[in-house]
Amino acid sequence: MPGRQPPVNAAGAGEPRPDGNAVYRIDPDGFVTEIFRQRVLVLSMVERDGLLLLGTGSDGLVYQLNPAADETVVVAKVEPKQVMALLPTRDDNIYLGMANTGGLATLSAGHAAQGTYTSPVLDATQVSKFGK
């Protein structure tokens, strides 16, 4: 019947597929190429200047895909775990709308003036003294 939606299986909802989720490029001749596959939920996507940004759930990663160079890099990791929306601005920033708890962030070009690196705990299993 027109207008009816197929039933949704709630089991596993909000989880990435075991073989990952993919993004495909379809060229003007109709040729389909897989340009991205990761075990993440792709929740948002925006294109700018030939680059594709993907906002994901679970780990709060933002991927940048460059299909012309066949490159994929993680450009951001945000604490609120799901990047639900990506909004480009005229001044070349990208606003990130996040969920689980809600939040907003700005992704801009260039390098941050300062940052923090947090590493996992290292248990030396004996009395030790670490340097900087």
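Strands here are DSSP runs of at least two residues, numbered from the N terminus. By that count, this predicted model has zero helices and nine strands. Reading along from the N terminus, then, the elements simply go β-β-β-β-β-β-β-β-β. The protein has 132 residues, and buried ones make up 26% of them. Its accessible surface comes to about 10,300 Å², with 53% of that belonging to carbon and sulfur atoms. As for contacts between residues at least 6 apart in sequence, 24% of them join residues at least 24 apart.

How do the strands line up? Four of them make an open sheet in the order S3-S4-S5-S6, with antiparallel pairing. At the edges sit strand S3 (42-48) and strand S6 (71-77), each of which pairs on one side only. The sheet isn't flat-on from strand to strand: neighbours are turned by 25° against each other on average, direction ignored. Within this sheet, S5 and S6 pair in the antiparallel sense over six bridges, and Leu65 stands opposite Thr72 in S6.

Further along the chain, strand S8 (residues 94-99) pairs with strand S9 (residues 103-107), again in the antiparallel sense, this time over five bridges. These two strands form a hairpin with three residues between them. One residue to look for in the turn is Asn100, which has a positive phi of about 70°. Across the hairpin, Ile94 faces Leu107 in S9.

Next comes the inside of the protein. In soluble globular proteins, nonpolar side chains tend to be buried together. The largest nonpolar core in this model has eleven residues: Val46, Leu53, Val62, Ala76, Val78, Val83, Leu86, Ile94, Leu96, Met98 and Leu107. Two elements, strand S7 (82-88) and S8, give two or more residues to this core. The largest share, three residues, comes from S8. Ile94 is a handy place to start exploring, as its partners away from its own stretch of chain include Val46, Leu53, Leu86 and Leu107. Ile94 also touches Arg48, Leu87, Pro88, Ala105 and Thr106. There is a second, separate core as well, made of nine residues, among them Phe36, Leu61, Tyr63 and Leu65.

Which rings pair up in this structure? There is one aromatic pair. The ring centres of Phe36 and Tyr63 are 5.1 Å apart and the planes meet at 65°, so the pair counts as edge-to-face, the cut-off for that label being over 60 degrees. Phe36 belongs to strand S2 (residues 32-38) and Tyr63 to strand S5 (residues 61-66), so the pair ties together parts that are 27 residues apart in sequence. Both Phe36 and Tyr63 are buried.

Finally, what about a residue outside the strands? Asp59 is found in the loop between strand S4 (51-56) and S5. With a relative accessible area of 41%, Asp59 is partly exposed, a label that covers values between 20% and 50%. Setting aside neighbours within four places in sequence, Asp59 is in contact with Lys77, Val78 and Lys81. Val78 also turns up in the largest nonpolar core. Measuring from C-alpha to C-alpha, Asp59 and Leu41 are 9.3 Å apart in space, with 18 residues separating them in sequence.

Definitions and conventions: Residues are numbered from 1 along each chain as its sequence is written. This is a predicted model: local features need pLDDT of at least 70, side-chain atom pairs count only at pLDDT 80 or more; totals for chains, interfaces and linings use all residues. Side-chain values use heavy atoms; hydrogens and water are left out. Rings of Phe, Tyr and Trp (its six-membered ring) pair if their centres lie within 6.5 Å; planes under 30 degrees apart count as stacked, over 60 as edge-to-face and the rest as tilted. Helices (H or I, at least four residues) and strands (E, at least two) are DSSP runs, numbered from the N terminus. Buried means under 20% relative accessible area, exposed over 50%, partly exposed in between (1.4 Å probe, protein chains only). Contact means heavy atoms within 4.5 Å. Two strands pair if DSSP finds at least two bridges between them. Axes are lines fitted to C-alpha atoms, for helices over the stretch in contact, and angles run from 0 to 180 degrees between N-to-C directions. A nonpolar core is a set of buried Ala, Val, Leu, Ile, Met, Phe, Trp, Tyr and Cys residues joined through side-chain atoms within 4.5 Å. Accessible areas come from the Shrake-Rupley method with a 1.4 Å probe; for residues, only the protein chains shown count as cover.
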